[in-house]
Every structure is written in structure tokens, then in C-alpha cells.
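Biologist: Please take a close look at the main pocket of this model, and then set it against its surroundings: the second pocket, the core and the ring pairs.

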Amino acid sequence: MKGIILAGGRATRLYPVTKSVCKQLLPVYDKPLIYYPLSVLMLAGIREILIISTPGDLGHFQNLFGDGKYLGLNISYAPQPAPQGIAQAFLIGEKFIGHDSVALILGDNIFFGDKLGEVLREVALHKKGAAVLGYKVSDPHRYGVVSFDKKGRPESIIEKPSKPLSDWAVTGLYFYDRQVVEITKKLKPSARGELEITDVNRVYLQKKQLNVQLLSRGFAWLDTGTPDSLLDASIFIRIVEERQGLKIGCIEEVAFRMKFITKQQLEALAKSINTPYGDYLHKIALNEK
């Protein structure tokens, strides 16, 4: 399975913060925002990753990650000339996807929870159809909402419903088989001129090929599309990290835990970072038996 991070868009809700800085490069406590979705794909066992962003911002991501080899990854880049919907990522990434399955994560989404990696890797094992993550929210009218029949099977997905049929929101992480490219090609733009990811999911639902993995109350899902939610995410990360002494979204640690890199490579990375972040990586390497 391959992975795509969609890190484009105008981020108008964060203006003027994003007037000169791409949203996904803004700090969430002690790391750039994009570290968090990247770490999620890595936890799912994905090593080939495409980052899609605006032509003007791609260079910043390339400066940040390069080709990804220092993390045991293969990272490539593609421009999104104009934001035309989340599903546009599959058209931009068609050659990258090839004949493989693909996971798409939005560049402003943060996931956290015990056994998160196990859940993600289990979902990634689905070879046919699509899989999305459901998360219970108090304000479902703000999201794409999935409802279920009496047997717990998904029966509808509605984008920002005025009268939600459930309180289960579809998160910004999606898993698809190779059909997704052809499905996207057949979509018609919505009233706002975009290729909607909800329409893609609805096609899989109609085919009875949509799996919904519900995240329990032990997980956290945060988006960072507004100043308040960006601040809330930073506070959440700080509290968890300070209490537990562990980092969330630490891509170097994830690369090591997933055996993408060796202990020696982690130690080399730690030595190159003369900050508390580097000290943390050194501690991880030192404590590994």
C-alpha cells in the first residue's frame, strides 16, 4: 500500500497566519503539523509516500523531508495547481498509485491513541474496497457523517447534514483499492466545483465495499483548520507529552519502532539535532535493548 498526504488548499480559516506560511508547516507544539499525518501513514506500515501541495509550497516540504531515505521512506512530491477537492489527489497521484492500494490522509489531521498502529495496520490489510475511520463527535453537522443499519452495517454517508442520522464523523484518513482512480475520474464536481471524497465513499458504499472502522473513546482525532483547533491541538500534545514523557508524531521514533531504520541510524539522527528533541531520540536509542 502507498500513501498520499494532501497538504494543499488555501487555509482561509487560518488567515492571516497562512498568508505566507503553508498551514501544514505551522507548529503544533513542538513539531510541524505535517509530522503528525506522516507518522500515521508510517504507523500503518506505509513507506512510499506522495506529498501533494501547492506549487509554491512544495519546495518547503522537499527541504523538510528530502527523499525521506533518512526515515527509511521513499517520499515524492506533486503539485496541486488549484484546490478542486480532496478526491483530486487520486487524479494527481494516478501514476504514483499505479496498481497498488492507497491511503490518503489530510495534512491537517492528528490521530492519537493506544494501539493506534495496530488498528491502522489491520485496516490497511483490506485488499478490496475501501475503509474509513469513524469517530464520535458532538457536532456531526460539521462533518461527513456515516449512519448504520440495525446490523451495524454502513447505510449512508452525508456531507455536513442539517439533520445528522448519527454522531459518527468520517475522519480525514481513507484507505482504497486501485478502483479509486477510475471512480474519481467518473465523479462530477459538486456545487462548489470540487471532487468530493464523500462521493467516492458513497460509490464504495453502493458497491457494498465500504468498511467503517469505529475508533473507541480511547482515541483522539483532531483537525487543525481554525485558530482555536490549532491551539487546542498544541495544548493536547503538550499535556500528553509532558505527562508521559513520550512524543506524539515523532517521525524518527516511529521509523525506528517500525524497523524502517536501525538503532545506529536513530543515534546518528539524535546526534545531528542539538536540542531537547535530539535528546529524546538519544534516550529512545539508549533504552532500546
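**The largest pocket**

Modeller: In this predicted model, the largest pocket encloses about 1,400 Å³ of space; on a 1 Å grid over the protein atoms alone, a pocket is an open set of points with protein on both sides within 12 Å along at least five of seven lines, and its lining residues have an atom within 4 Å of a point, while a volume is the space filled by probe spheres set on the points, which are joined across faces, edges and corners. Its lining consists of 47 residues, and those closest to the centre are Arg13, Lys23, Ile86, Leu106 and Asp108. Two or more lining residues are given by each of strand S10 (154-159), strand S11 (168-176), helix H7 (197-206), strand S13 (219-223) and helix H8 (227-244), where helices (H or I, at least four residues) and strands (E, at least two) are DSSP runs numbered from the N terminus. The largest share, 4 residues, comes from S11. By class, the lining holds 16 nonpolar, 18 polar and 13 charged residues, with Ala, Val, Leu, Ile, Met, Phe, Trp, Tyr, Cys and Pro counted as nonpolar, Asp, Glu, Lys and Arg as charged, and the others, Gly among them, as polar.

Some notes on scope belong here. Residues are numbered from 1 along each chain as its sequence is written, and side-chain values use heavy atoms, with hydrogens and water left out. The model being predicted, local features need pLDDT of at least 70 and side-chain atom pairs count only at pLDDT 80 or more, whereas totals for chains, interfaces and linings use all residues.

The second largest pocket has a volume of about 590 Å³, and of its 25 lining residues Leu43, Phe112, Gly113, Lys247 and Val254 are the closest to the centre. Helix H1 (35-43), strand S7 (109-113), helix H5 (116-124), H8 and helix H9 (251-257) each give two or more residues to this second lining, which has 13 nonpolar, 5 polar and 7 charged residues.

Turning to the interior, the largest nonpolar core (buried Ala, Val, Leu, Ile, Met, Phe, Trp, Tyr and Cys residues joined through side-chain atoms within 4.5 Å) has 56 residues, of which Leu38, Ile51, Phe65, Phe111 and Leu173 touch the most other members. Neighbours within four places in sequence aside, Leu38 is in contact (heavy atoms within 4.5 Å) with Ile5, Ile49, Phe65, Leu71, Leu73 and Ile251. A separate core of 32 residues includes Ile4, Ile197, Leu205 and Leu210.

The ring pairs come last; rings of Phe, Tyr and Trp (its six-membered ring) pair if their centres lie within 6.5 Å, with planes under 30 degrees apart counted as stacked, over 60 as edge-to-face and the rest as tilted. There are 7 aromatic pairs by this rule. Tyr35 and Phe65 form a tilted pair, 5.9 Å centre to centre with 35° between the planes, and because Tyr35 lies in helix H1 and Phe65 in helix H2 (residues 58-65), the pair ties together parts that are 30 residues apart in sequence. Both Tyr35 and Phe65 are buried, that is, under 20% relative accessible area, as against over 50% for exposed and in between for partly exposed (1.4 Å probe, protein chains only).

Notes
On a 1 Å grid over the protein atoms alone, a cavity is a set of points where a 1.4 Å probe fits but cannot get out, and a pocket is an open set with protein on both sides within 12 Å along at least five of seven lines; lining residues have an atom within 4 Å of a point.
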